[in-house]
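Biologist: Please take a close look at the nonpolar core of this model. I would also like to hear about the charged pairs, with the cut-off behind each term.

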Amino acid sequence: MDGNTYGYVRVSTQEQNEARQLTAMREFGVSEDNIIIEKLSGRDFNRPRYQRLVRKLRPKDVLVVKSIDRLGRNYDEILEQWSVITKKRQAAIVVLDMPLLDTRQGRDLTGTLIADIVLQLLSYVAQTERENIRQRQAEGIAAAKARGVHFGPQYRALPEGFEELRRAWRDRKISLREAARACGIPKSTFRDAVLRAEMTASCAETK
């Protein structure tokens with residue numbers, strides 16, 4: 001008797017769209033009832049739907065993923081999950097973006113060895129690339145800071161009469177609406193600017 005074919009779809013945030021992965025699952029032939037969707041970070045594997053799916057897998061079942069990083073976010077996690085699924089659960093894995101990673105075929109010793117070697121190589125390359133990206137980002141930020149580029153919220157320049165308006169508002173001579181309108185900014189922006197100015201003055205006095 002043939003086993004069941006399941007598709008696992010993961011996106012890292014609620015805002016990301018899973019349409020591309022779903023299309024790939026349907027084109028492969030995974031039934032809608034057997035497509036598991038999870039919108040959680042892949043930082044760890046405390047993912048309830050993924051865990052339930054893995055526990056459900058039986059010999060001759062097939063787990064389909066779009067790409068290898070759906071199984072993990074680093075070299076060790078991917079290898080661990082691969083071992084759990086193919087050896088402990090004795091199910092097959094199909095990675096749609098990498099036809100060589102299809103353990104439905106060649107389940108003899110040679111086929112398993114080739115798949116494991118390819119997996120280890122791809123996992124290592126993927127993790128190395130992620131580390132290189134993080135390093136390039138850190139180097140870019142450091143270089144930008146050295147050039148005087150500031151990161152964080154950019155505050156709008158305030159008009160010359162801001163200080164007088166701030167004092168008038170604090171003294172309740174004018175309303176918040178009037179003060180903000182005189183500055184040409186929203187009320188919330190005016191209030192935030194007042195707080196920043198007063199905090200800056202307070203810090204200067206304590207030095």
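Modeller: The core comes first, then the salt bridges, then one helix and a surface patch.

The model is predicted, and local features need pLDDT of at least 70, side-chain atom pairs count only at pLDDT 80 or more, while totals for chains, interfaces and linings use all residues. Residues are numbered from 1 along each chain as its sequence is written, and side-chain values use heavy atoms, with hydrogens and water left out.

A nonpolar core is a set of buried Ala, Val, Leu, Ile, Met, Phe, Trp, Tyr and Cys residues joined through side-chain atoms within 4.5 Å. Buried stands for under 20% relative accessible area, exposed for over 50%, and partly exposed for what lies in between (1.4 Å probe, protein chains only). Helices (H or I, at least four residues) and strands (E, at least two) are DSSP runs, numbered from the N terminus.

The largest nonpolar core has 20 residues, and within it Ile68, Leu71, Trp82 and Ile85 touch the most other members. At least two residues of this core come from each of strand S1 (5-11), helix H2 (48-56), strand S3 (62-65), helix H3 (75-88), strand S4 (92-95) and H4. Separate from it is a second core of 11 residues, Trp169, Ala179, Phe190 and Val194 among them. In soluble globular proteins, nonpolar side chains tend to be buried together.

Leu71 sits in the loop between S3 and H3 and counts as buried because its relative accessible area is 0%. From Leu71 to Trp82 is 11 residues in sequence and 7.8 Å in space, C-alpha to C-alpha.

The loop between S3 and H3 also holds Lys66, which pairs with Asp97 in the loop between S4 and H4. Their side chains meet in a salt bridge at 2.5 Å, N to O, the term standing for a side-chain nitrogen of Lys or Arg within 4 Å of a carboxyl oxygen of Asp or Glu. This pair links distant parts of the chain, 31 residues apart. Lys66 is buried at 12% relative accessible area, whereas Asp97 is partly exposed at 41%. Arg70 forms a salt bridge with Asp69, with the closest N and O atoms 3.0 Å apart; here Arg70 is buried at 12% and Asp69 partly exposed at 26%.

By this rule there are 7 salt bridges. Another of them joins the side chains of Lys39 and Glu18 (3.4 Å, N to O). Lys39 belongs to strand S2 (residues 35-39) and Glu18 to the loop between S1 and helix H1 (19-28), so the pair ties together parts 21 residues apart in sequence.

Arg166, in helix H5 (residues 162-170), is buried at 15% relative accessibility. Contact (heavy atoms within 4.5 Å) is made by Arg166 with Phe190, Val194 and Glu198, leaving out residues up to four places away in sequence. Phe190 and Val194 are included in the second core. A network of salt bridges links Arg166 with Glu163 and Arg167.

At the surface, Leu121, Tyr124 and Val125 form a nonpolar patch with about 320 Å² of accessible area together. Such patches are made of residues with over 30% relative accessible area and no salt bridge, like charges being joined within 9 Å and nonpolar side chains (Val, Leu, Ile, Met, Phe, Trp, Tyr) within 5 Å. The areas come from the Shrake-Rupley method with a 1.4 Å probe, and for residues only the protein chains shown count as cover. Tyr124 lies in helix H4 (residues 109-146) and is exposed at 51% relative accessibility.
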